[in-house]
Amino acid sequence: MSQDHSVSPSGLVIVYTGDGKGKTTAALGMLFRAAGYRMSGLMVQFMKGRMHSGERDAAQSFEGRITIVPMGEGFTWETKDAARDRLVAQQAFSYARKEALSGGYDIVVFDEINIALRYNYIDVSQVLGFLDERPKGQHVVLTGRNAPELLIERADLVTEMKMIKHPFDKGIMAQKGVDF
Ligand code: ATP
Ligand code: MG
């Protein structure tokens with residue numbers, strides 16, 4: 001069967017979810033691949049704070065084609081300050097949305113946003129609204145466990161990473177270059 005090339009080249013909505021490792025890694029791999037075509041990519045990290053990561057240093061050598069911005073502070077699991085967590089999540093979303101709508105990016109990744117959606121710190125309607133508004137042709141990648149059903153319905157590509165084994169179960173801690 002011949003392929004239909006008349007379909008307009010609108011951007012894809014991509015979701016990486018599930019309990020297995022590789023969601024953020026897959027999104028980074030896509031930014032790396034796109035950079036090869038001089039496409040520009042942005043990753044806003046909803047959970048990660050300012051702690052050091054290999055991906056942020058590596059992004060420096062891509063001449064502005066890969067930008068990674070940590071906007072998270074980790075949630076206050078112990079203090080259970082939901083109001084603060086919501087504020088941090090909303091600030092991250094507001095920044096990510098504004099940057100994505102600026103039109104300067106071919107691909108945007110909202111890394112771990114599904115966690116914020118899960119805790120209702122961000123409403124799925126905010127994300128769906130953004131997806132409708134965004135520049136035509138812009139690919140959007142949304143990562144994190146427990147992607148909401150409405151997001152899965154809206155997406156064009158959904159992959160669930162399924163945990164078969166993880167070294168943490170044997171007490172092996174996160175490894176440089178593999179996990180951070
Ligand atoms: P990565 O950033 O390595 O691609 P991820 O985005 O799929 O992982 P997250 O849920 O964001 O997974 O978890 C981030 C960290 O938690 C990583 O260091 C990862 O190795 C670790 N991790 C992921 N899945 C598991 C698991 N099933 N058990 C224990 N640790 C995990
Ligand atoms: Mg991740």
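**Entry 1: E112**

I looked up E112 and found a relative accessible area of 16%, so I noted this residue as buried. The model is a predicted one, and I read every value below with that in mind. I placed E112 in the loop that runs between β4, residues 107-111, and α4. I then checked a pair of C-alpha atoms: E112 and T67 are 45 residues apart along the chain, and their separation is 16 Å. E112 came up again when I listed the surroundings of ligand 1, where E112 is among the residues that come nearest. I also found the backbone nitrogen of E112 at 2.8 Å from a polar side-chain atom of T143. That sent me to T143 next.

**Entry 2: T143**

I located T143 in strand β5, which covers residues 139-143. Is T143 buried or exposed? I read a relative accessibility of 0%, so T143 counts as buried. The side chain of T143 has a polar contact of 2.6 Å with the side chain of D111. A polar atom of the T143 side chain also lies 2.8 Å from the backbone nitrogen of E112. I therefore logged T143 as a buried residue at 0% relative accessibility, with its side chain facing D111 in one polar contact and the backbone of E112 in another short distance.

**Entry 3: ligand 1**

Which residues come nearest to ligand 1? I counted 13 residues around the ligand, and K21, K23, T25, E112 and D179 come nearest. By class, I sorted the shell into two nonpolar, five polar and six charged residues.

I then went through individual distances. A polar atom of the D179 side chain is 2.5 Å from an oxygen atom of ligand 1. For K23, the atom concerned is a backbone N or O, at 2.7 Å from an oxygen atom of the ligand. For D19, a polar backbone atom is 3.1 Å from a nitrogen atom of ligand 1. On its own, ligand 1 has 580 Å² of accessible area, and the protein covers 79% of this. I also checked which pocket is concerned: the space that ligand 1 takes is the largest pocket.

**Entry 4: positive phi values**

I searched the backbone for phi angles of unusual sign. Most residues other than glycine have a negative phi. Which angle does R38 show? Phi of R38 is near 60 degrees, a positive value in a residue that is not glycine. I found R38 in the loop between α1 and β2. Its relative accessible area is 58%, which means that R38 is exposed.

N120 gave me a second case, with a positive phi of about 60 degrees although N120 is not a glycine. N120 lies in the loop between α4, residues 113-118, and α5, residues 124-133. I read 54% for its relative accessible area, so N120 is exposed.

**Entry 5: S40**

I went back to the loop between α1, residues 23-35, and β2, residues 41-45, where S40 lies. S40 counts as buried because its relative accessibility is 15%, under the 20% limit. The loop that holds S40 also holds R38, and I noted R38 as exposed at 58%. For distance, I took S40 and D57: these are 17 residues apart along the chain, with C-alpha atoms separated by 17 Å.

**Entry 6: G49**

Where is G49? I found G49 in the loop between β2 and α2, residues 54-59. G49 has 14% relative accessibility, so I entered this glycine as buried. G49 and P70 are 21 residues apart in sequence, and I read 5.5 Å from C-alpha to C-alpha.

**Entry 7: G177**

My last lookup was G177, in the segment after β6, residues 157-160. Is G177 buried or exposed? Its relative accessible area is 69%, over the 50% limit, so G177 is exposed. I paired G177 with S53: the two are 124 residues apart along the chain, and their C-alpha atoms are separated by 8.6 Å.

Terms used
Residues numbered from 1 in each chain as written. Chains lettered and ligands numbered in written order. Predicted model: local features only at pLDDT ≥ 70, side-chain atom pairs only at ≥ 80, totals over all residues. Heavy atoms only, no water. Near = heavy atom within 4 Å. Polar contact = N/O pair within 3.5 Å; in protein donor to acceptor, adjacent residues only side chain to side chain. Areas by Shrake-Rupley, 256 points an atom, 1.4 Å probe, with all protein chains shown as cover. 1 Å grid on protein atoms, 1.4 Å probe; cavity = no way out; pocket = protein on both sides within 12 Å on 5 of 7 lines; lining within 4 Å. Sits in = over half its atoms within 2 Å of the grid points. Nonpolar A, V, L, I, M, F, W, Y, C, P; charged D, E, K, R; others polar. Helix = DSSP H or I, 4+ residues; strand = E, 2+ residues; numbered from the N terminus. Buried < 20%, exposed > 50% of the residue type's maximum accessible area, 1.4 Å probe, protein only.
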